[in-house]
Each structure stands twice: as structure tokens, then as C-alpha cells.
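Work through these exercises with the sequence and the 3D view side by side. Try each task before reading its solution.

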Amino acid sequence: MDHPANSTLTAARLVRLLGPPDPGVPAYRWLADTLRGLVTDGLVLHGTRLPSERALVAELGLSRTTVTRAYAALRERGYAEARQGSGTRAALPGGPVTGGGEPLPDVVPDRPAPSDAIDLTSAAPPAIPGLAMAYVRAAESVARYVSGMGYYPYGLPSLRAVLAQRFTERGLATDPEQIIVTTGALESAAVAARALLGPGRRIAVETPTYPGLLAAVRPEASRVVPVPVSAEGIDPAAWRSALSSSGAQVASVIADFQNPTGNLLDAQARQELGRAWRAYDVVGLIDETLVDVVLDPVEMPAPMAAFAPRTVTVGGVSKSMWGGLRIGWLRASRELLPGLARARLSLGLGAPVLEQLVVEDWLTGDWGAANIEHLQRIRQQRDVLLEAVRTTLPEWACVVPTGGLSLWWHLPRSRSTVLAQRARDEGLLLPPGSVFAASGRGLEPWIRTPYVHQAETLRVAVDRLARAWARAA
């Protein structure tokens, strides 16, 4: 797991993180370069106290001169600082840059937030360990492409092939031609909306749902039809009723760890939903952005498109790798591809080559340990948040999700909007339940709390949340 800033990293733990020495380089350089990579990739956080030279010498079996020289090289490059009385601490040159939270539509602050505010509006975690070095590898590979013009409007052929194989392995036979790469899942949703909707065309959307998805489809649809969904799952009868009465031609669902409820549709629910869509000749729009954020042992069903072939599936790496890595994709049935291709070209000429190579590295490389580390960190944060809220606010209730990035709490009183206002006064930013409503209003008994912050930050956030609830209730 990662180390909170200002914690101490033991020599034994550091040796496990370092792995075996590289016999092809001097020992001091191997130690300095590997430790620098750990800091760069977030496995050793800025401000973490490094082991003393004496302790590291004993654990590694290297000479004191070697360790001293490695620490000196780190300090020279800005990746370590020697502090009087506190030893050597890891550092990022210039310090870590905060901010960059995922913006939610309709969450516009009416006044500046306190400087120490904790942001619970964003459900996007920090980068997966190893990402910075993946960029280095991708930068070396990009030389193969610079002799050409650089436009790949539907994505690098190699990445499309890898993504197609991934869908096939999950139970949905896919050819590379059925994949279109975009600059993020939200752009994928916008491409799909432009291709599938238009004047007179309606879309049925589960409510609550992800606000970004609503923002992508609303401009293209003549009407958004809300279909209620609970944390326990969908109601096929509600879908049939909504489709029958509205005449919607498109239906949108987040089938894997639904945002914000965390619900995972099992195979039976997907089958029933697919039947309803086929009965009313509906095209599905599926958001799979959270499909890789699996926190507990659970049997993952085949993609929704395996149950409803006339479906466009939206995916991306913002939640599984990093929000700053703006790569997404669409997977669609062949009959829908021409319209999607035209819509994609109307919104842009392709995703950046370098970032596509980074994603390809993740999908094909040896990322097993990094993925485990990433998910373990998120799982620990979920459990910390869950325990803190249940202890401090025992009257609140939620269904604990087996994956995803947030908890969806049912409040004992319908005070979500007031709670969000009071929370801001306490230095806590969170959206009211209405932000997740397909109609843009309602859901007053509900609040979403992401668990993307470090454990200690989440505990402080819950303290502020409890004070805000005391004032709001």
C-alpha cells in the first residue's frame, strides 16, 4: 500500500519495493534510479521518511558508501531532501501538484471554497503505480510513428486490436474494426449520443446516474426519460413501462458498479434487460468506465452487449489508470459503426498517439502487481470510509458495493441539498443527490461519498460531514 506523507518507510519494506538489483549497472545507480521510480510512481509518497543509511546497509547488504552515494544522487535530482533532525525524506521536484478533480456538471460553486476544503465531488482516484514509467516507455516507442502524419481518427491499429481481444476474452466476440478510440469515455458518450440521437429521438436513462453522461446526451436528445434504479438493482418491469410509454429509441445504463449506487448487474438482470430492449427495438448505450474497479471477489458477467447486440459500449481508463490519461473507446455492433465513425470525425481527428501507447502498455504489459496495489488501496479507503460513517452517523444506510469508487447513502431525512450547503461551510465539498437525477431534481434523501482520498483525509472528511449533518438535519 502507499505511505501517507510524513510517515516512515522501513528498510525491510523498501527492499521489497526495490526488487532484485540490476547486475548490469553500478549498485548506487540501481538504488537511486529504482527509488526515484518508486517516488515518481507514487509507491513512496512525497514527504515519506526514508530508512537511515545504516538500516538500509544492513537490509540490502551493500556498502555504506553505495547507499550514501545513492541518497546523494537522489538529493541532487530533487527526489530526496535531507532535513535536520528528521533524516532523508522522499520528494517530488517542485512538490506534488494538488487539484485536478473530476468536474461534475451542475455543481457550480456560488463562493470560493475554503483553502483546506476536502473535495468529495470527484470520484477519480490518483494514478495507478507505474504510470510515470509507462509514459517513459511510450515516449521511446512513439519514434516509430513520427515519420507519418500522426492522424489515427479511429485509434492506433495495435490498440484497437488489443481492446477487441479484451472484449472477446470477456465473452463478447469483437473485431478491431468494431473499436473506435477517443479522448476519454465522456467523449465516447458524446460521439454515441450524436450518432444515435437527434431531433425527435428520446433516450431512457436510469436515475440516479453519472452527471457527466447526462451532460453528454442531453444536447442531442429531444427528451430524457428517467427510469428509477435502486442500489439493489434494476427493475425490468420499470424499464418495459418506461420504454412502452415514452417511445424512447436509446437506453442508457451503467451495468458495472453503477455510479453512484455501486450496483453490479448480474447475468440474469442483463438478460432480462436485453429482452426488454429487443422487444421495443431500443439501442443500448452502456458505460463500462468502472468495470476494472473490482474490490471484492465477485463473478463478473459478460458485457451487456453480449445480451443486447444492438449496443454501443463506452469504456476508458480514467478510473482504472488515471483521470489525466484521456483515452476512451467505443465498441459497437457493425450496423451502428458508420454513424459512429461520422460522429467521431465531427468531434475530433483522433486521440494522442503517446497516450494510446501508454494504454496499450497497460493492457499488454506486466501490470499485475500494480493493479493489485491500486485496487488494494481503493478497497482500504472504501472500508475506512464505510466504518467512519457507520460509527459517526449510524442512522445513515447504504448497500456496500463490491466495486466502484463511491458509497450511495440513504439519509434518515430528505436534506441532501441543505447538507451539501452546510458541508461547504465545514470545509467539505460534495454534491446533493439531485445532481445524479436524470430529471435534474429530487433524490433529496441521498448523498454520494467517493472513497478516492487517503484514509486519514477520509476520516477528517467524515468528521466534517457529521458536523454538517448536525446543522442540516
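**Exercise 1. The H9 and H10 pair**

In which hand does H9 pass H10 in their crossing? Describe the packing as well.

Solution.
- Note the source first: this is a predicted model.
- Take the axes. Those of H9 and H10 come within 9 Å and cross at roughly 15 degrees.
- Classify the angle. Angles under 35 degrees count as roughly parallel. H9 and H10 are therefore roughly parallel to each other.
- Assign the hand. The crossing of H9 past H10 is right-handed.
- List the contact residues. H9 contributes Pro-236, Trp-239, Arg-240 and Leu-243. From H10 come Glu-272, Leu-273, Arg-275, Ala-276, Trp-277 and Ala-279.
- Sort them by class. The contact of H9 with H10 has seven nonpolar and three charged residues, and no polar ones.

**Exercise 2. The H3 and H4 pair**

Find the angle at which H3 and H4 pack, and name the residues that meet.

Solution.
- Locate the helices. H3 covers residues 53–60 and H4 covers residues 64–76.
- Read the geometry. The helices pack at an angle of about 125 degrees, with their axes 9 Å apart.
- Classify it. Angles over 145 degrees count as roughly antiparallel, and 65 to 115 as roughly perpendicular. The angle here fits neither class, so H3 is oblique to H4.
- Assign the hand. H3 passes H4 in a right-handed crossing.
- Name the residues. Glu-53, Arg-54, Leu-56 and Val-57 of H3 meet Arg-64, Val-67, Thr-68 and Tyr-71 of H4.
- Sort them by class. This contact of H3 with H4 holds four nonpolar, one polar and three charged residues.

**Exercise 3. The sheet**

In what order do the seven strands of the open sheet stand, and which strands are at the edges?

Solution.
- Write the order. It is E4-E10-E9-E8-E7-E5-E6, with mixed pairing.
- Find the edges. E4 (179–182) and E6 each have a single partner strand, so one side of each is left without a neighbour in the sheet.
- Add the twist. Neighbouring strands are turned by 20 degrees against each other on average, direction ignored.
- Place a helix. H9 (residues 236–246) packs on the sheet and touches E5, E6 and E7. The direction of H9 makes about 155 degrees with that of E6.

**Exercise 4. Strand partners**

Trace the parallel pairings from E6 through E5 and E7 to E8.

Solution.
- Start with E5 (residues 198–207) and E6 (residues 221–228). They run parallel and are joined by seven bridges. Ile-203 stands opposite Val-224 in E6.
- Follow the chain between them. The path leaves E5, goes through helix H8 (residues 211–217) and reaches E6. This β-α-β crossover is right-handed.
- Go on to E7 (residues 250–253). E5 and E7 pair in the parallel sense over three bridges. Val-205 has Ser-252 of E7 as its bridge partner.
- Finish at E8 (residues 283–287). Four bridges join E7 to E8, and the two run parallel. Val-253 faces Ile-286 in E8.

**Exercise 5. Unusual backbone**

Where do the cis peptide bonds at Pro-208 and Pro-260 lie? What is the phi of Phe-257?

Solution.
- Take Thr-207 to Pro-208. The bond is cis, with omega near 10 degrees. Pro-208 sits in the loop between E5 and H8.
- Take Asn-259 to Pro-260. This bond is cis, with omega near 20 degrees. Pro-260 lies in the loop between E7 and H10 (267–279).
- Check Phe-257. Its phi is positive, about 55 degrees, although Phe-257 is not a glycine. Phe-257 lies in the loop between E7 and H10.

How values were computed. Residues are numbered from 1 along each chain as its sequence is written. This is a predicted model: local features need pLDDT of at least 70, side-chain atom pairs count only at pLDDT 80 or more; totals for chains, interfaces and linings use all residues. Side-chain values use heavy atoms; hydrogens and water are left out. Two strands pair if DSSP finds at least two bridges between them. A crossover is right-handed if, with the strands pointing away from the viewer, the path from the first strand over the helix to the second runs clockwise. Axes are lines fitted to C-alpha atoms, for helices over the stretch in contact, and angles run from 0 to 180 degrees between N-to-C directions. A crossing is left-handed if the near helix is turned anticlockwise from the far one by less than a right angle, and right-handed if clockwise. Contact means heavy atoms within 4.5 Å. Ala, Val, Leu, Ile, Met, Phe, Trp, Tyr, Cys and Pro count as nonpolar, Asp, Glu, Lys and Arg as charged, and the others, Gly among them, as polar.
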